[in-house]
Amino acid sequence: MPRDTVGGTLSVAAILCIVCSVLVSAAAVGLRPQQEANKARFEKKNILIAAGLYEDGADIDELFKNVQIRLIDLETGDDVPEDVASADSYDQLAASKSAETSVAIEADADIAGIKRREKYSKVYLINEGEQLKKIILPVNGKGLWSTLYGFIALEADLNTVAGITFYQHAETPGLGGEVDRESWKASWVGKLLANDSGEMKIEVIKGAVDENNPNAIHQIDGLSGATITSRGVSNLVRYWCGDAFAPFLEKLKAQSSRGANNG
Ligand SMILES: Cc1cc2nc3c(=O)[nH]c(=O)nc-3n(C[C@H](O)[C@H](O)[C@H](O)COP(=O)(O)O)c2cc1C
């Protein structure tokens, strides 16, 4: 075919388009399993970080062998039967966005500012033998610019914070983005969610915690210049630990104390 004709130019352009689209589609399809595997590894890594079990260079899959994953019906706190949904294949983010797999949150209960929450949630338990050591819960809620997604780890008393981490947000670096600062995340460790009467007290305050304050055990330093993000973090922790996961945590507490009495 002569090259310097309109037909020739269009044919070359068309062939090039087809070849490129085949290449791009093949790459997208071919790399999907790798992307899924990377996503799963990223999730596992963040769960281990929240639990304080991750070290640089550690074998994530090896460490994760100690983590039991359960899929919980948030309404009842019971495990979701395998034939209804399986923790292995459950896409929690997608579930939180679909009308069939999520529920609307009443405005006055929606302190995390998320409007809807998934019906089922994964939870991650670290056991030593029969004994629960730590539990890691997925949490999310509104900051200033974005929804923050993370994990909070609790000790076996289900009240002491063992760690917290956020793996996705779009808060401003240096302001709300300081939620990622190691020293700030470390300052959560050992704080108590609720007081002796079971009232949810955990709070990221404005300014620095005064250790002489009787509530200091429930307080975390505010992020300077980022009161809105700080408040968002307080509220999302309070919502998930004090409301959304409450039926499950109550059941787990009852099971643990039955286990302790029998043991
Ligand atoms: C460009 C820009 C980015 C900001 N990013 C954040 C943020 O990520 N989180 C936040 O809480 N406040 C952010 N702020 C500040 C808020 O608008 C608000 O002033 C602040 O939360 C009040 O906190 P303060 O009382 O500690 O000053 C930002 C402000 C500007 C101008």
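Modeller: Before we start, domain bounds here come from an automatic or database domain assignment. Also keep in mind that this is a predicted model.

Biologist: Okay, so how far apart do the C-alpha centres of domain 1 and domain 2 lie?

Modeller: The assignment splits the protein chain into domain 1, residues 1-65, and domain 2, residues 66-262. Taking the C-alpha centre of each, the separation comes out at 32 Å.

Biologist: And how much area do domain 1 and domain 2 bury between them?

Modeller: There is contact on both sides, with 13 residues of domain 1 touching 15 residues of domain 2. Carbon and sulfur atoms make up 64% of the buried area. The total buried between the two domains is about 1100 Å².

Biologist: Which residue forms a salt bridge with glutamate 43?

Modeller: Polar links do cross this boundary: six residue pairs are in polar contact, both partners at pLDDT 80 or more. The salt bridge count between the domains is one. For glutamate 43, the closest N and O atoms are 3.5 Å apart, inside the 4 Å cut-off for a salt bridge. Its partner is lysine 122.

Biologist: Over to the ligand, then. How many charged residues does its shell have?

Modeller: The surrounding residues include Leu144, Trp145, Glu171, Lys206 and Thr227. Sorted by class, the shell has five nonpolar and five polar residues, and the charged ones number two.

Biologist: What share of the ligand's own accessible area does the protein cover?

Modeller: Start with the ligand's oxygen atoms: polar side-chain atoms sit 2.4 Å from one in the case of lysine 206, and 2.6 Å in the case of threonine 227. Isoleucine 228 instead brings a backbone N or O atom to 3.1 Å from a ligand oxygen. Of the 620 Å² that the ligand has accessible on its own, the protein covers 57%.

Notes
Residues are numbered from 1 along each chain as its sequence is written. This is a predicted model: local features need pLDDT of at least 70, side-chain atom pairs count only at pLDDT 80 or more; totals for chains, interfaces and linings use all residues. Side-chain values use heavy atoms; hydrogens and water are left out. A residue is near a molecule or strand if one of its heavy atoms lies within 4 Å of it. A polar contact is a pair of N or O atoms within 3.5 Å; within protein, one must be able to donate a hydrogen and the other to accept it, and residues adjacent in sequence count only if both atoms are side-chain atoms. Accessible areas come from the Shrake-Rupley method with a 1.4 Å probe; for residues, only the protein chains shown count as cover. Ala, Val, Leu, Ile, Met, Phe, Trp, Tyr, Cys and Pro count as nonpolar, Asp, Glu, Lys and Arg as charged, and the others, Gly among them, as polar. Contact means heavy atoms within 4.5 Å. Buried area is the accessible area (1.4 Å probe) that two parts lose on being put together, summed over both. A salt bridge is a side-chain nitrogen of Lys or Arg within 4 Å of a carboxyl oxygen of Asp or Glu.
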